[in-house]
Amino acid sequence: MDVEIGVSKRHVHLTKETFAQLFGASELVNRNDLLQPGQYASTSTIDLKWNNILLTHVRVVGPFREYNQVELSLSDAKLLGIHPPRRQSGELGEALPIEIIGPNGSVILDKSVILAE
């Protein structure tokens with residue numbers, strides 16, 4: 001019997017508008033499909049910044065969403081010195097803010113950082 005196992009590393013989901021601000025482009029390029037139907041890892045990465053601490057090369061997951069969301073591991077959150085809530089994807093009520101940096105600029109996202117459940 002074969003069992004598929006997926007590992008979800010740190011990643012971000014962006015709106016088309018936020019992506020355009022960060023990359024000056026309007027489309028994500030699919031690097032590889034993910035186990036979740038319809039989702040893919042794009043070729044694009046961003047950096048996350050909090051209190052002058054930087055997490056680099058964070059993958060942008062497609063397709064675009066209607067909201068921005070940053071999903072971190074507990075060890076990533078500890079490295080940044082933040083305590084985001086553990087939530088299901090899309091539940092951003094108590095999510096934390098963070099700065100995201102792309103090749104064409106940066107954006108401060110309000111309620112966007114969670115520990116994915």
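Is D76 buried or exposed? In this predicted model, D76 is buried, its relative accessible area being just 6%. That falls under the 20% mark used for burial. The residue is part of helix α2, which covers residues 74-80. Leaving aside residues up to four places away in sequence, D76 touches R10 and L55. With R10 the link goes further, since D76 and R10 form a salt bridge whose closest N and O atoms sit 2.8 Å apart. D76 belongs to helix α2 and R10 to the segment before β1 (11-13), so this pair ties together parts that are 66 residues apart in sequence. R10 itself counts as partly exposed, at 29% relative accessibility, whereas D76 is buried.

Now for the overall layout. The protein has two helices and eight strands, and from the N terminus on these run β-α-β-β-β-β-α-β-β-β. As for dimensions, the C-alpha atoms fill a box of roughly 45 × 30 × 25 Å along the principal axes. The radius of gyration is 14 Å, which agrees with the value near 13 Å that a compact globule of 117 residues would have. Of the 117 residues, 38% are buried. Contacts between residues 24 or more positions apart account for 57% of those with a separation of 6 or more. The accessible surface comes to about 7000 Å², and 50% of that belongs to carbon and sulfur atoms.

Back to the charged pairs. How many salt bridges does a search of the whole structure find? It turns up three, one of them being the D76 and R10 pair already described. Another joins E27 to K16, with the closest N and O atoms 3.1 Å apart. Here E27 lies in the loop between α1 and β2 (30-33) and K16 in helix α1, so the pair ties together parts that are 11 residues apart in sequence. Both partners have some access to the surface: E27 is partly exposed, with a relative accessible area of 48%, and K16 is partly exposed as well, with 38%. There is also a salt bridge between the side chains of R87 and E94, at 2.8 Å from N to O. R87 is partly exposed, its relative accessible area being 22%. E94, on the other hand, is exposed at 54%, a value over the 50% cut-off for that class.

Aromatic side chains come next. The structure holds two aromatic pairs. In the pair made by F19 and F23, the ring centres are 4.5 Å apart and the planes meet at 25°, so the pair is stacked; the angle for that class has to be under 30 degrees. Both residues lie in helix α1 (residues 16-23), where they are four residues apart, about one turn of the helix. F19 is buried, and F23 is too. Together with F64, these two phenylalanines form one aromatic cluster.

Which residues does L48 touch, not counting those up to four places away in sequence? The list takes in V12, I53, L54, L55, V58, V70, L72, I98, E99 and I100. L48 sits in strand β3, which spans residues 40-50, and is buried with a relative accessible area of 0%. L55 turns up among the contacts of L48 and also among those of D76. The C-alpha atoms of L48 and P97, which are 49 residues apart along the chain, are separated by 11 Å.

E71 rounds off the picture. This residue is found in strand β5 (residues 69-72). Despite carrying an acidic side chain, where does E71 stand on accessibility, buried or exposed? The answer is buried, with a relative accessible area of 8%. The side chain of E71 makes a polar contact with the side chain of Q69, at 2.5 Å. Along the chain, E71 and L115 are 44 residues apart, yet their C-alpha atoms are separated by 5.6 Å.

Key. Residues numbered from 1 in each chain as written. Predicted model: local features only at pLDDT ≥ 70, side-chain atom pairs only at ≥ 80, totals over all residues. Heavy atoms only, no water. Buried < 20%, exposed > 50% of the residue type's maximum accessible area, 1.4 Å probe, protein only. Polar contact = N/O pair within 3.5 Å; in protein donor to acceptor, adjacent residues only side chain to side chain. Contact = heavy atoms within 4.5 Å. Phe/Tyr/Trp six-rings, centres within 6.5 Å; stacked < 30°, edge-to-face > 60°. Rg over C-alpha atoms; globule rule 2.2 N^0.38 Å. Areas by Shrake-Rupley, 256 points an atom, 1.4 Å probe, with all protein chains shown as cover. Salt bridge = Lys/Arg side-chain N within 4 Å of Asp/Glu carboxyl O.
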